[in-house]
Amino acid sequence: MKTKILVVEDDLPLAESIQEYLTYEGYQVEIVSNGVQAVSHILEWQPALVMLDIMLPGKDGLTVCREVRPKYNGYILMFTAREEEIDQIVGLEIGADDYLLKPVKPRLLLAKIKAFLRRELSTEAPNEHQQPNVCMNFGQLTIDTQKRSVILSDEPIPLTDGEYDLLVTLARHADNILSRNDLVEQVKGHYYDGIERGVDNHISQLRKKLGDNARNPFKIKTIRTKGYLFVSSGW
């Protein structure tokens, strides 16, 4: 079956050009132009990936993202024509996995889609000759990579796909410093360009959800000029 992608965009010429391009690449693509309709369509259709514009009639993209995220486990890629980073950062904090600035470059869009889908395949289909590390335990923290679940002090912690994938990557390299470049390459499948803020925002959200100290983190530390460190004894 073809991978399902939903384009939520009220600029119909743009949406149709994306649909045509991705259909040619082998994806099943549908278009919704209204934020209210987008919420119901995302939850009913459950596409692998949603391309979500911020400025929409009915409900804006940030509201749509916030409403669907608790019941939608796929990837959300937000579009914005604004250069102010606040919209992009807020979008990532409420559950978006990444963003693109308009005008959308087809090759960059396709590269991001393929990177997202590679992440999904790598977590769902381990090599049959390898024994996957199903559970990772660090004190009160348990990460189950088969169920894609995180338990802290016997309480389930809801994470977005981006947050979960980043946590797993950090945990698998516990007590080793990973640079932003390392994290972007391993989690997203492309090279860090020095501009991307997704990693920093996901780290911030992970700290909040996992009870780390925002001003003086001791579970996921920031190592100045070097990157991030998952502390195995901090849980």
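Here are some worked exercises on a predicted model.

**Exercise 1. The unit around α1**

Task: Work out which elements make the right-handed β-α-β unit with helix α1, and how the two strands run.

Solution:
- Start from helix α1, which spans residues 12–24. Together with β1 and β2 it makes a right-handed β-α-β unit.
- Now look at the strands themselves. β1 and β2 run parallel, and five bridges join them.
- For one pair you can find by eye, take Val8: its bridge partner in β2 is Val32.

**Exercise 2. The buried side of α2**

Task: Find which residues of helix α2 are buried, how they are placed around the axis, and what covers them.

Solution:
- Begin with the list. In α2, residues 35–45, the buried residues are Gly35, Ala38, Val39, Ile42 and Trp45.
- Next, consider their directions from the helix axis. These residues span an arc of only 165°, so they sit on the same side of α2.
- Then ask what lies over them. The cover includes the strands β1 (4–8), β2 (28–32) and β3 (49–53), as well as helix α3 (61–68).

**Exercise 3. The two ends of α2**

Task: Describe what happens at the start of α2 and just after α2.

Solution:
- At the start, look at Asn34. One of its side-chain oxygens comes to within 2.7 Å of the backbone nitrogen of Val36.
- Just after the helix comes Gln46, with a positive phi of about 50°. Gln46 is not a glycine.
- To place Gln46, note that it belongs to the loop between α2 and β3.
- Is Gln46 buried or partly exposed? Its relative accessible area is 34%, so Gln46 counts as partly exposed.

**Exercise 4. A three-stranded sheet and its helix**

Task: Give the strand order of the open sheet that holds β10, β11 and β12, explain which strands stand at the edges, and locate α6 against the sheet.

Solution:
- Write down the order: β10-β12-β11, with antiparallel pairing.
- Read the edges from it. β10 (177–178) and β11 (220–223) each have a single partner strand, so each has one side without a neighbour in the sheet.
- Check one pairing in detail. β11 and β12 (residues 227–230) run antiparallel and are joined by four bridges. Within this pair, Ile223 is opposite Gly227.
- Add the helix. α6, residues 161–172, lies across β10, β11 and β12, and runs at about 70° to β12.

**Exercise 5. A glutamate in α6**

Task: Decide whether Glu163 is buried or exposed, and list what surrounds it.

Solution:
- First, place the residue: Glu163 is part of helix α6.
- The relative accessible area of Glu163 is 0%, under the 20% cut-off, so this residue is buried.
- Leaving out residues up to four places away in sequence, Glu163 touches Pro158, His202, Gln205, Leu206 and Lys209.
- One of these deserves a second look: the side chains of Glu163 and Lys209 make a polar contact at 2.7 Å.

**Exercise 6. Backbone details in two loops**

Task: Locate the cis peptide bond at Pro103 and describe the phi of Asp175.

Solution:
- The cis bond joins Lys102 and Pro103, with omega about 0°. Pro103 is in the loop between β5 (98–101) and α5 (106–124).
- For Asp175, which is not a glycine, phi is positive, near 65°.
- Asp175 sits in the loop between α6 and β10. With a relative accessible area of 44%, Asp175 is partly exposed.

How values were computed:
Residues numbered from 1 in each chain as written. Predicted model: local features only at pLDDT ≥ 70, side-chain atom pairs only at ≥ 80, totals over all residues. Heavy atoms only, no water. Pairing = 2+ DSSP bridges. Contact = heavy atoms within 4.5 Å. Axes fitted to C-alpha atoms, helices over the stretch in contact; angles between N-to-C directions. Buried < 20%, exposed > 50% of the residue type's maximum accessible area, 1.4 Å probe, protein only. Arc of directions from axis to C-beta. Polar contact = N/O pair within 3.5 Å; in protein donor to acceptor, adjacent residues only side chain to side chain. Right-handed = clockwise from strand over helix to strand, strands pointing away.
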